Structures are given as structure tokens and as C-alpha cells.
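Welcome, and thanks for taking a look at this one. Please have the sequence and the 3D view open as you read.

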Amino acid sequence: MKPRFITFEGIDGAGKSSQIAAAVALLRTRGLNVVQTREPGGTPLGEKLRELLLHDAMHLETEALLMFAARREHLAALIEPALAAGSWVVSDRFTDATYAYQVGGRGLDEGRFAALERWVHPHLQPDLTFIFDLDPAIAAQRLAGTGVAPDRFEREQTDFFRRVRAAYLRRAAADPGRVRVIDAGRTPDEIQKELEEIIVSHCLK
Ligand code: TYD
């Protein structure tokens, strides 16, 4: 079976983390080798860039370039070798996040985004992407309830997340065969069941 590259996306607080763990467990029970990773991050250099990105103020184009710099390293050092060796790769975020946060949220020029995407991965896209879709007001309540100190993105206002959400939905509409929008307002059990059905029908049959 051809190894697949699966990504999880959504605004902060949409609840993707526990679902990623469940999806990885599902694939492993089928006997598949799975590499679980995240962006920004996934490599030693990428994790250093993540620290800067999550905590240091910077120009929006610097932010976009560092996201793609971390991604270039991630592809070269982890994603491409893993897929070539037959492992599945499950990533918490990838390029759709740059479209949603930097283009949608911050107002990065679409042409610049498209040029970077073409440069960094001209021939590769995830096989399957889940976008966890949730009203930003509800996501903000969930984040506040965790008691964890918010990072630079999580401190943004609801309007920012409305733009991020809208950009995710545009990206999903542009590529419906790859991207599935998941209603993240339901119970974790309901969401997990839907994800399993999609993964089985899309990747395991
Ligand atoms: P996230 O993946 O949500 O991690 P955690 O659950 O540990 O907070 O945090 C990463 C943040 O980085 C998130 O707020 C979205 C942001 N981000 C971008 O703005 N652009 C990108 O290209 C990526 C990958 C992430």
C-alpha cells in the first residue's frame, strides 16, 4: 500500500490534538509505520524556528518566510525520507496553515504565498487534509479553559480567527478532493468516528 501524507488543520482551540493521536493509533493498529510530526517544527532546526515564530514579534513576511524555511527542512529531513521508506506521515499543520494564518489572518499577498508554495513543494501536497472548523468564539472559550499561557497566535483577537477560518474554508473549496472540513463543534466521539470513516474509505481501501 502506498504510504500517505495526512495533515490536520484548524484554528487554535478547535480540538485537533487528541484526534491526531486517535488517527495515528488507528493506522498503527492496521500494522502501518506512522511518523507523527508537526509544523512549525518536526526537525531540530524547525523546533528552534518554532520557538521564534511562537514568541518573537516580526514582520509578516519574515513570519511567512520562516514558516516555509522550517517546512523546507521538514520536507528534506523528515517527510520525504519517511514517505520514501514506506512510512505514513501524519502532521499537525502544513502549508494550508500558512494560507489561513499568514494570508487570511495577517494579510500576506496571495502571489507571494503561491510563489513560496511552488518553490518549497512544487510536486507534493498532502493526500488527505482535515480542517477542524469551529466558531472562533467557542474556540477562544476552549483555549481559555486550558489554563496554558497563550502564544503569539493564540493571543490574537476573534476577528483574526474569523479571517483564518474563512481562509481555511476557501482553501478547502479550492481542493475538495484532498481537503475535508470537519464540524469541530460536536463531541470528540462523533468527530473520531467520522475521521475513521474518512481515513478508511480514502486511504485504507
Ligand atoms: P499549534 O500547531 O496549534 O500548536 P499548539 O497546539 O501546541 O499551540 O500552534 C502553532 C501555531 O502556529 C498556530 O497558532 C498556527 C501557527 N501557524 C501559522 O501561523 N502558520 C503556519 O504555516 C503554521 C504551520 C502554523
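The notes below go through the ligand site, the aromatic pairs, the nonpolar core and some backbone details.

## Around the ligand

A first point to keep in mind is that this is a predicted model. The ligand has 17 residues around it, and D12, R93, T98, Y101 and Q102 come nearest. Two of these offer polar side-chain atoms: one of R93 lies 2.9 Å from an oxygen atom of the ligand, and one of Q102 lies 2.8 Å from a ligand nitrogen atom. On its own the ligand has 560 Å² of accessible area, and the protein covers 88% of that. The side chain of E154 also takes part, with an N or O atom 3.2 Å from an oxygen atom of the ligand.

Where does Q102 lie? Its place is in helix α4, which spans residues 95-105. Q102 has a relative accessible area of 1%; that is under the 20% cut-off, so Q102 is buried. Leaving aside neighbours within four places in sequence, Q102 is in contact with E63, A64, M67, A97, G107, L108 and F153.

## R93, a residue to check

R93 lies in the loop between β3 (88-92) and α4. Its phi is near 80 degrees, a positive value in a residue other than glycine. Most residues other than glycine have a negative phi. Is R93 buried or exposed? With a relative accessible area of 12%, R93 is buried.

## Aromatic pairs

How many aromatic pairs does a search of the whole structure find? The search finds 10. One of them joins Y99 and F113 edge-to-face, at 5.3 Å centre to centre and with 70 degrees between the planes. Y99 lies in helix α4 and F113 in helix α5 (residues 110-120), so this pair ties together parts that are 14 residues apart in sequence. Both rings belong to buried residues, with relative accessibility of 7% for Y99 and 2% for F113.

Y101 and Y168 form another edge-to-face pair, with 6.4 Å from centre to centre and 85 degrees between the planes. This pair links distant parts of the chain: Y101 is in helix α4 and Y168 in helix α7 (residues 158-174), 67 residues apart. Y101 counts as buried at 5% relative accessibility, and Y168 does too at 2%. Together with F153, F160 and F161, these two tyrosines form one aromatic cluster. Y101 is also among the residues that come nearest to the ligand, and F153 is in contact with Q102.

## The nonpolar core

In soluble globular proteins, nonpolar side chains tend to be buried together. Here the largest nonpolar core has 58 residues, of which I6, F8, L27, Y101 and F130 touch the most other members. Helix α3 (residues 60-84) gives the largest share of this core, 8 residues.

With what is F130 in contact, leaving aside its neighbours within four places in sequence? The list is I6, T7, F8, E9, R180, I182, L195, I198 and I199. I6 and F8 thus appear both there and among the core members that touch the most others.

## Backbone details

Helix α6 (residues 136-146) has D135 as its N-terminal cap, with a side-chain oxygen 2.9 Å from the backbone nitrogen of A137. Just after α6, G147 takes a positive phi of about 75 degrees.

Most peptide bonds are trans. The bond that joins E39 and P40 is cis, with omega about -10 degrees. P40 has its place in the loop between β2 (34-38) and α2 (44-55).

Methods
Residues are numbered from 1 along each chain as its sequence is written. Side-chain values use heavy atoms; hydrogens and water are left out. Helices (H or I, at least four residues) and strands (E, at least two) are DSSP runs, numbered from the N terminus. Buried means under 20% relative accessible area, exposed over 50%, partly exposed in between (1.4 Å probe, protein chains only). Contact means heavy atoms within 4.5 Å. A nonpolar core is a set of buried Ala, Val, Leu, Ile, Met, Phe, Trp, Tyr and Cys residues joined through side-chain atoms within 4.5 Å. A polar contact is a pair of N or O atoms within 3.5 Å; within protein, one must be able to donate a hydrogen and the other to accept it, and residues adjacent in sequence count only if both atoms are side-chain atoms. A residue is near a molecule or strand if one of its heavy atoms lies within 4 Å of it. Accessible areas come from the Shrake-Rupley method with a 1.4 Å probe; for residues, only the protein chains shown count as cover. Rings of Phe, Tyr and Trp (its six-membered ring) pair if their centres lie within 6.5 Å; planes under 30 degrees apart count as stacked, over 60 as edge-to-face and the rest as tilted.
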